[in-house]
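Work through the exercises below with the structure in view. Try each task before reading its solution.

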Amino acid sequence: MADKQAAHVESTATEVPAAIGLATRPVAPDHPSQPAPTGDTERPASRPSLADIIAEQERIFIERQPESARLAADARQALAGGVTSSWQISRPQPVWLSHGSGSKLYDVDGNDYVDMHGGYGVSLAGHGHPAIVAAVQNQVTRGTHFAQPTRDALTVARELTSRFGLPQWRFANSGTEATMDAVHLMRAITGRDLVIKVEGWVDRVLREYPGQVAGMILEPIMMNAGIILPDPGYLAGLKDLLHAHDALLAFDEVKTGLTAGPGGATRLTGVTPDIICLAKAIGGGISVAAIGGSHQVMQHVANGDYEMVGTFNGNPMAMAATRAMLQEVATPEAYQRIDALRERAVEGSRALAVPAQRRRLPAAVGQVRAVADIGAARRERYRQI
Ligand SMILES: Cc1ncc(COP(=O)(O)O)c(C=O)c1O
């Protein structure tokens, strides 16, 4: 799977592979044909410029998708920016999809694609996985919403405890909600306002704002700037440091959740934080999120210090899909297959990186369990941010 910056969908057309995927870098919707940066100033006069190559590939891309082009034009009237989420604004036009099956996606023009986008990290199960389909089909006939708990919620919470190590859980609908809950919860528990959310200078912030920091939230393995693993001991040191200042540690495992392994980055690194936020892949494609906490943390939810509420929290459809995802899809056998596929992806990415590296361009291949990517992100540079 690739993250939103590096998302790319491979064309299956034999004659011309697509150069641009489902969600390339967002561009202003009013300027869909902006000229691309050239980037190759030392090019011999006989070779086409990067801008020419991109323009040609965009032409081929649009030509192959007349129905997408028509829908995109219509959508500019009815949908803000012509899309349903601003990340979908893409160049030269969003691809309008018809359906997905397994690892493939099909657009409204009948083109098929290998799904390397993965719905921003959701589609670990692939499209139409029989276990997810059965769970959702079964639940849809029994009722889609009650705003009361169902048995599946208990099964899911226990399964998450066994994978991630935290004893108590609540549910929400998106990664945004889960991480917002984590921040609100840390503030409610400590009675402090400040939350650290960047790497670097943590010690200094804690010393400069004594008694004011509620906690810190971070991706334990960064996936939004290339795949960047923490230095050995970094997360454990962070936890000790925050606890020494009576502040809490929250892991944003929205992306890493099931993709960094069956127990996410938490199990992989062996550091259990006070709070874990999960979303994306855990619902097998259905919108769901989970917030886990220690007994000490979750007692503040139980006693109402922090009211963690939401109409759709623990929705039965979402719980049924999540139960199926955890018990029937993200199994030890599945991770064996994932490992083999990732190794192939890494091998291919390394081969792709070689020409760029020969030109001294910073092409780096990142990997962790179900995710591999190739990008320009460099660990040293990220550390300076
Ligand atoms: C690390 C991380 N946290 C939180 C979110 C927000 O999740 P959602 O889009 O489900 O609200 C994202 C979304 O990409 C993410 O990558």
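**Exercise 1.** Find how far helix 12 reaches from its first C-alpha to its last, and set that against the expected span.

*Solution.* This is a predicted model, so read each value as computed from it. Start with the range: helix 12 covers residues 316-329, which makes 14 residues. Next, take the expected rise of 1.5 Å a residue, which gives 20 Å. Then compare: the helix reaches 18 Å, close to that expectation.

**Exercise 2.** Decide whether helix 12 is mostly covered or mostly open, and say what covers its buried residues.

*Solution.* A residue counts as buried if 20 or more other C-beta atoms lie within 10 Å of its own. Apply that cut-off along helix 12: twelve of the 14 residues pass, so the helix is mostly covered. The buried set includes Pro316, Met317, Arg323 and Val329. Now look for the cover. It includes helix 4 (130-142), helix 5 (151-164) and helix 13 (332-358).

**Exercise 3.** List the residues around the ligand, sort them by class, and find which helix gives the most.

*Solution.* First, the list. Around the ligand stand Tyr120, Ser174, Gly175, Thr176, Thr179, Glu219, Asn224, Asp252, Val254, Lys255 and Ala279. Second, the classes. The shell holds three nonpolar, five polar and three charged residues. Third, the source. Helix 6 (residues 175-190) contributes the most, with three residues.

**Exercise 4.** Trace how strand 2, strand 3 and strand 4 are joined, and describe each turn.

*Solution.* Begin with strand 2 (residues 97-101) and strand 3 (residues 104-107). They run antiparallel and share four bridges. In one of these pairings, glycine 100 is matched with leucine 105 of strand 3. The two strands make a hairpin with two residues between them. In that turn, glycine 102 has a positive phi of about 60°.

Move on to strand 4 (residues 112-114). Strand 3 pairs with it over three bridges, again in the antiparallel sense. Here tyrosine 106 has aspartate 112 of strand 4 as its bridge partner. This hairpin has four residues between the strands. Its glycine 110 takes a positive phi near 90°.

**Exercise 5.** Step back: how many helices and strands does the protein have, and what share of its residues is buried?

*Solution.* Count the elements: there are 14 helices and twelve strands. Then take the 385 residues of the protein; 39% count as buried. Finally, check the contacts with a separation of 6 or more. Residues 24 or more positions apart account for 68% of them.

Definitions and conventions: Residues are numbered from 1 along each chain as its sequence is written. This is a predicted model: local features need pLDDT of at least 70, side-chain atom pairs count only at pLDDT 80 or more; totals for chains, interfaces and linings use all residues. The expected span of a helix is 1.5 Å times one less than its number of residues. Two residues are in contact if their C-beta atoms, placed from the backbone, lie within 7 Å. A residue is near a molecule or strand if its C-beta atom, placed from the backbone, lies within 6 Å of it. Ala, Val, Leu, Ile, Met, Phe, Trp, Tyr, Cys and Pro count as nonpolar, Asp, Glu, Lys and Arg as charged, and the others, Gly among them, as polar. Two strands pair if DSSP finds at least two bridges between them.
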